[in-house]
Amino acid sequence: ARWDHNPKRHCPNLVPNEYDRRRFPRLRNATSVMIWMGSGPNSGVTWPSLVHYWNDWYGSYVHSADFPRLVVRFEDTLYHGEVMMQQICMCAGA
């Protein structure tokens, strides 16, 4: 996935800030930062925002599987590791 961004100035780029609007012409009047897959935003698949991309990516795991599954955000394991592992073990029956 690709998008107009400078991670040192603004991350994760869900909506453009003033720096983004000055630096990237396509974001001057945008309300979100478009994501694309391919060589550029005019070729390949696009999403209106990083949130839309994330929902499509993880939605395929949730909606296409015919077995029980658990989706855990990496950030939750990083910041709340012990509590998350306890909850995952309880969910799995351990």
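This passage describes the overall form of the chain and the surroundings of two of its residues, Asn13 and Asp76, in a predicted model.

The secondary structure of the chain comprises 4 helices and 2 strands. Read from the N terminus, these elements follow the order α-β-β-α-α-α. The chain is more spread out than a compact globule, because its radius of gyration is 17 Å, well over the 12 Å that the globule rule gives for 94 residues. Along the principal axes, the C-alpha atoms occupy a box of roughly 55 × 30 × 20 Å.

Of the 94 residues in the chain, 23% are buried. The exposed surface of the chain amounts to about 7,200 Å², of which 58% is supplied by carbon and sulfur atoms. When contacts between residues at least 6 apart in sequence are considered, 21% join residues at least 24 apart. With regard to charge, the chain carries 10 positive and 8 negative side chains. The centres of these two sets are separated by 13 Å.

At the N-terminal side of the model, attention was given to Asn13, which is located in the segment before α1, the helix spanning residues 18-23. Asn13 has a relative accessible area of 1% and is therefore classed as buried, the cut-off being under 20%. Two polar contacts of the Asn13 side chain were identified. One, of 3.1 Å, is made with the side chain of Asp20. The other joins the side chains of Asn13 and His10 at 3.4 Å. When neighbours within four places in sequence are set aside, the residues in contact with Asn13 are Trp3, Asp4, His5, Asp20 and Val33. Asp20 thus appears in this set of contacts and also as a polar partner of the Asn13 side chain.

The second residue examined, Asp76, belongs to helix α3, which covers residues 74-79. The relative accessible area of Asp76 is 18%, so this residue also falls under the 20% cut-off and counts as buried. Apart from neighbours within four places in sequence, Asp76 is in contact with Gly81 and Met84.

Taken together, the model shows a chain that is more spread out than a compact globule, with buried residues making up 23% of its length in residues. Asn13 is buried at a relative accessible area of 1%, and Asp76 is buried at 18%.

Conventions
Residues are numbered from 1 along each chain as its sequence is written. This is a predicted model: local features need pLDDT of at least 70, side-chain atom pairs count only at pLDDT 80 or more; totals for chains, interfaces and linings use all residues. Side-chain values use heavy atoms; hydrogens and water are left out. Buried means under 20% relative accessible area, exposed over 50%, partly exposed in between (1.4 Å probe, protein chains only). A polar contact is a pair of N or O atoms within 3.5 Å; within protein, one must be able to donate a hydrogen and the other to accept it, and residues adjacent in sequence count only if both atoms are side-chain atoms. Contact means heavy atoms within 4.5 Å. The radius of gyration is taken over C-alpha atoms; the globule rule is 2.2 Å times the number of residues to the power 0.38. Accessible areas come from the Shrake-Rupley method with a 1.4 Å probe; for residues, only the protein chains shown count as cover. Lys and Arg count as positive and Asp and Glu as negative; His and the chain ends are not counted. The place of a charge is taken as NZ of Lys, CZ of Arg, CG of Asp or CD of Glu.
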